[in-house]
Amino acid sequence: MLPFLKYEFLQNAFLTGIMVGLLAPVLGVFIVVRRQALIADALSHITLAGIAANLLLGKWSSFFAAANPIYMGMAFSVGGAIFIEQLRKVYKHYEELAIPIIMSAGIGLSVIFISMADGFNTDLFNYLFGSIIAVKRSDVWTVFAILVVVLLFVFFMYKELFVLSFDEEQGKLSGIRSNWILVAFMAITALVIAASMKIVGILLVSALMTLPVAASIRIAKGFKQAIWLSVLFGEISVIAGMFLSYYLDLASGGTIVLCLVVILCLSIFYKKFTGSRKVGHL
Amino acid sequence: MNNNIGSIAIRVDDLSFHYGDKNVLQHVTMEIKKGSFLGLVGPNGSGKSTLIKCILGLQKPQEGQVYLFGEKVNKFNDWDKVGYVSQKANSFNTAFPATAFEVVSMGLFGKVGLFRFLKASDKNKVWEALRSVKMDQYAYQNIGELSGGQQQRIFIARALVSDPELLILDEPTVGVDTESSDSFYKMLKELHRENNMTLVLVTHDVGVMTNYVTDVACLNKQIHFHGNTKEFEESSSENMSAFYGHHVHVLHHDHGHE
């Protein structure tokens, strides 16, 4: 076995990282093509509020002190996701408003909970920026459960998600019940964001959802290829980032995101050098 | 409920639609016969697209009713009988990473159903639809890399892939150069003749359209004229000026005639 993996906490981090490196880009493809890249940011901030709430409650109650804050984070995140879909209906012509509303509500709540809990501790710092030493075995199993749910959902709902992302009208004409599919998709996204935060941190979760996609859509032929390439880029970044983080003693979230940025730049250069592929006219 | 129901593809019954206090459609009543090729014309803001959306059940009118193949539109289930190419097809996200093949296959999703996948026979249908619009050699190109006219053909192929009996096109040639739009109209005429399909073409391009369609309807919040192309041409000068308000004359572009 690699020396890197001789400790249990590193195995935990590695396994979780590999799962998150698959999950975040898969959902990210649908989010980016629907032009909702910022939704991941909004949901990660509301997740932080959930985690802060759990840390605060842990001061008073042994139940919450013993609970993994990830669950409270997920509950807040899913609630936020459903709320975003409702807000988008209220502000039909300003759909993007839902995102800053949820984002600021999340930060506001977080700050209040944190100050009530007498300020920052290292635990919270780990959630903000990601830490590979903070991943517990129970986190690995939670993320694994989410992985199974998400892969089943995307596999069986691929057609529907694809057509709704491309053209909602066509989806409705095909008799697709768009509302519940979109709500379910948001809820699943919220779960993945909560699951990813241990590795990349709340402030960087959206990077893992959007940067691999930003790189892949420049070079992919077709939607399926965009998904595969996004996953490939996500995995390369997570694995390389965790190695660098361990051997150079850097924050894992930062190294992963920088790996993503490097891949993104490479894909932009690649496209520049291979040139535009616009085909001839009719 | 109606004795000639078998021959009517679309029946619009006293339909009114308004956004807030702005009237878009007022008491529109019309029947579109099966096998006809209707050109629906009208100036900007005349409610053409809204009427189409009401016909497709994408918008709910405040008054009136739409029947598709004799069935109330909100009860209608045979959506694979209906192909639709929206105006938005001109302004979709061209950076969307989907191949022409993937876009066309969307047209089958309603037929295939939930939790199911495209079979080999479905894929053959996609190829057939691509061939029918002469775009099969571009199947694996991303949709955004094609020209406007080519994209439009892909959207037609998507509408055709489920073998619809009724094809509705909303301003399909906007943003497409004249040469492409001519060959596009010819293709529609062929589709109409060979498959006995009912076509509804929304356009403001009155002159070119009359070379291809069998019937014309003029809409400006209300239906001002609905009849066959010959009647339309005979009455068109007075009709059109009353209708558009001023000095409109119908230009004929005869290069489309065979």
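**Notebook: solvent exposure, folds and contacts of chains A and B**

I began with Ser115(A), which counts as exposed because 12 C-beta neighbours lie inside 10 Å. I note at the outset that this is a predicted model. I placed Ser115(A) in helix α5 of chain A, residues 98-116. I then looked up its separation from Ser267(A): the two are 152 residues apart along the chain, and their C-alpha atoms are separated by 43 Å.

**Entry: Arg137(A)**

I turned next to Arg137(A), which I located in helix α7 of chain A, spanning residues 137-156. I asked how many C-beta neighbours Arg137(A) has inside 10 Å. The count is 13, so Arg137(A) is classed as partly exposed; the exposed class ends at 12 or fewer. I also looked up the C-alpha to C-alpha distance from Arg137(A) to Leu208(A), which is 22 Å for a sequence separation of 71 residues.

**Entry: overall form of chain A**

I listed the secondary structure of chain A and found 13 helices and zero strands. Read from the N terminus, the order is therefore α-α-α-α-α-α-α-α-α-α-α-α-α. I compared the radius of gyration of chain A, 19 Å, with the globule rule for 282 residues, which gives 19 Å; the two are close, so chain A is as compact as a globular protein of that length. The C-alpha trace of chain A spans about 70 × 50 × 30 Å along its principal axes.

I recorded that 49% of the 282 residues in chain A are buried. For contacts in chain A between residues at least 6 apart in sequence, I noted that 75% join residues at least 24 apart.

**Entry: helices α10 and α11 of chain A**

I examined helix α10 (residues 178-200) and helix α11 (residues 205-219) of chain A, whose axes come within 8 Å and cross at roughly 100°. Since angles from 65 to 115 degrees count as roughly perpendicular, α10(A) is roughly perpendicular to α11(A). On the α10(A) side I listed Ile193(A), Ser196(A), Met197(A) and Val200(A) as making the contact, and on the α11(A) side Val205(A), Ala207(A) and Leu208(A). I sorted the residues of this contact by class and obtained six nonpolar, one polar and no charged residues.

**Entry: chain B**

I counted eight helices and ten strands in chain B. Buried residues make up 44% of the 258 residues of chain B. Among contacts in chain B with a separation of 6 or more, 68% are between residues 24 or more positions apart.

I checked backbone angles in chain B with a general expectation in mind: most residues other than glycine have a negative phi. Asp14(B) is not a glycine, yet I found a positive phi of about 50° for it. Asp14(B) is in strand β1 of chain B, residues 8-19, and it counts as exposed because it has 12 C-beta neighbours inside 10 Å.

I found a positive phi at His27(B) as well, near 45°, again in a residue other than glycine. His27(B) belongs to strand β2 of chain B, residues 22-33. With 13 other C-beta atoms within 10 Å, His27(B) is partly exposed.

**Entry: contact between the chains**

I asked how many residues of chain B are in contact with chain A. The answer is 29, and they meet 23 residues of chain A. On the chain B side, the elements giving two or more residues are α3 (109-112) and α5 (148-160). Helix α3(B) supplies the largest share, three residues. By class, I recorded 16 nonpolar, ten polar and three charged residues on this side of chain B.

**Entry: nonpolar core**

I closed with the largest nonpolar core, which has 159 residues. The residues with the most contacts inside this core are Leu23(A), Leu27(A), Val192(A), Ala100(B), Val104(B), Ala157(B) and Leu201(B). Helix α1 of chain A, residues 8-33, gives the most to this core, with 13 residues.

I followed one of these residues, Ala100(B), to its contacts. Leaving out residues up to four places away in sequence, Ala100(B) touches Leu130(B), Met135(B), Tyr138(B), Ala139(B), Gln141(B), Ile143(B), Leu146(B) and Ile154(B).

Terms used:
Residues are numbered from 1 along each chain as its sequence is written. Chains are lettered from A and ligands numbered from 1 in the order in which they are written. This is a predicted model: local features need pLDDT of at least 70, side-chain atom pairs count only at pLDDT 80 or more; totals for chains, interfaces and linings use all residues. Helices (H or I, at least four residues) and strands (E, at least two) are DSSP runs, numbered from the N terminus. The radius of gyration is taken over C-alpha atoms; the globule rule is 2.2 Å times the number of residues to the power 0.38. A residue is buried if 20 or more other C-beta atoms lie within 10 Å of its own, exposed if 12 or fewer, and partly exposed in between; C-beta atoms are placed from the backbone. Two residues are in contact if their C-beta atoms, placed from the backbone, lie within 7 Å. Ala, Val, Leu, Ile, Met, Phe, Trp, Tyr, Cys and Pro count as nonpolar, Asp, Glu, Lys and Arg as charged, and the others, Gly among them, as polar. A nonpolar core is a set of buried Ala, Val, Leu, Ile, Met, Phe, Trp, Tyr and Cys residues joined through C-beta atoms within 7 Å. Axes are lines fitted to C-alpha atoms, for helices over the stretch in contact, and angles run from 0 to 180 degrees between N-to-C directions. Angles under 35 degrees count as roughly parallel, over 145 as roughly antiparallel, 65 to 115 as roughly perpendicular and the rest as oblique.
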